[in-house]
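Good morning, colleagues. I should like to introduce a structure that will be new to most of you, and I ask you to keep it in view while I speak.

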Amino acid sequence: MLGDLLAFDDLPAMAWTIAVSGAITGTADSLTATPDETRRAFVAWAGRLGSQWSERTDSAGAIHLYAPFTWKQSEPVGAIRATIYPTFDGGEA
């Protein structure tokens, strides 16, 4: 499955982690990407994977995006996520 995901070379880079259970998690870059780039990367992957995603804002103003996905089966096998941190001037990312 990871090989299939890595073959999507038209999508932004994603950091992939495989758990002991075999579940896979993709994390969008929030360290070197701008907040808009992070959101666009997440949305692009969620769209390609056909995922319904959720968004929540924590008490510090960080936006957390999360989308579980299935792969060639009906049960969820992984998720993608992103954290968009507020800017230093207090505005949204």
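Let us begin with the sheet. In this predicted model, 5 strands make up an open sheet, arranged in the order 1-2-5-4-3 with mixed pairing. At the edges lie strand 1, residues 15–18, and strand 3, residues 54–57, each of which pairs on one side only. From one strand to the next, the twist averages 20°.

Helix 2, residues 35–49, packs on this sheet. Helix 2 touches strand 1, strand 3, strand 4 (63–70) and strand 5 (76–84), and its direction makes about 165° with that of strand 5.

I turn now to strand 1 and its partner. Strand 1 and strand 2, the latter comprising residues 24–27, run antiparallel and are joined by 4 bridges. Within this pairing, Thr17 stands opposite Thr25 in strand 2.

Next, please look at Thr83, which belongs to strand 5. Is Thr83 buried or exposed? Its relative accessible area is 19%, and the limit for a buried residue is under 20%, so Thr83 counts as buried. Which residues does Thr83 contact, its neighbours within four places in sequence aside? They are Ser30, Thr38, Ala62, Ile63 and His64. With His64 there is also a polar contact, side chain to side chain, at 3.5 Å.

Finally, a word on confidence. The chain has a mean pLDDT of 90, with 94% of its residues reaching 70 or more. Confidence is highest in strand 3, at 97, and lowest in helix 1, residues 2–6, at a mean of 89. Where pLDDT is low, predicted coordinates should not be read in detail. Thank you for your attention.

How values were computed:
Residues are numbered from 1 along each chain as its sequence is written. This is a predicted model: local features need pLDDT of at least 70, side-chain atom pairs count only at pLDDT 80 or more; totals for chains, interfaces and linings use all residues. Side-chain values use heavy atoms; hydrogens and water are left out. Two strands pair if DSSP finds at least two bridges between them. Helices (H or I, at least four residues) and strands (E, at least two) are DSSP runs, numbered from the N terminus. Axes are lines fitted to C-alpha atoms, for helices over the stretch in contact, and angles run from 0 to 180 degrees between N-to-C directions. Contact means heavy atoms within 4.5 Å. pLDDT is the predictor's confidence in each residue, from 0 to 100. Buried means under 20% relative accessible area, exposed over 50%, partly exposed in between (1.4 Å probe, protein chains only). A polar contact is a pair of N or O atoms within 3.5 Å; within protein, one must be able to donate a hydrogen and the other to accept it, and residues adjacent in sequence count only if both atoms are side-chain atoms.
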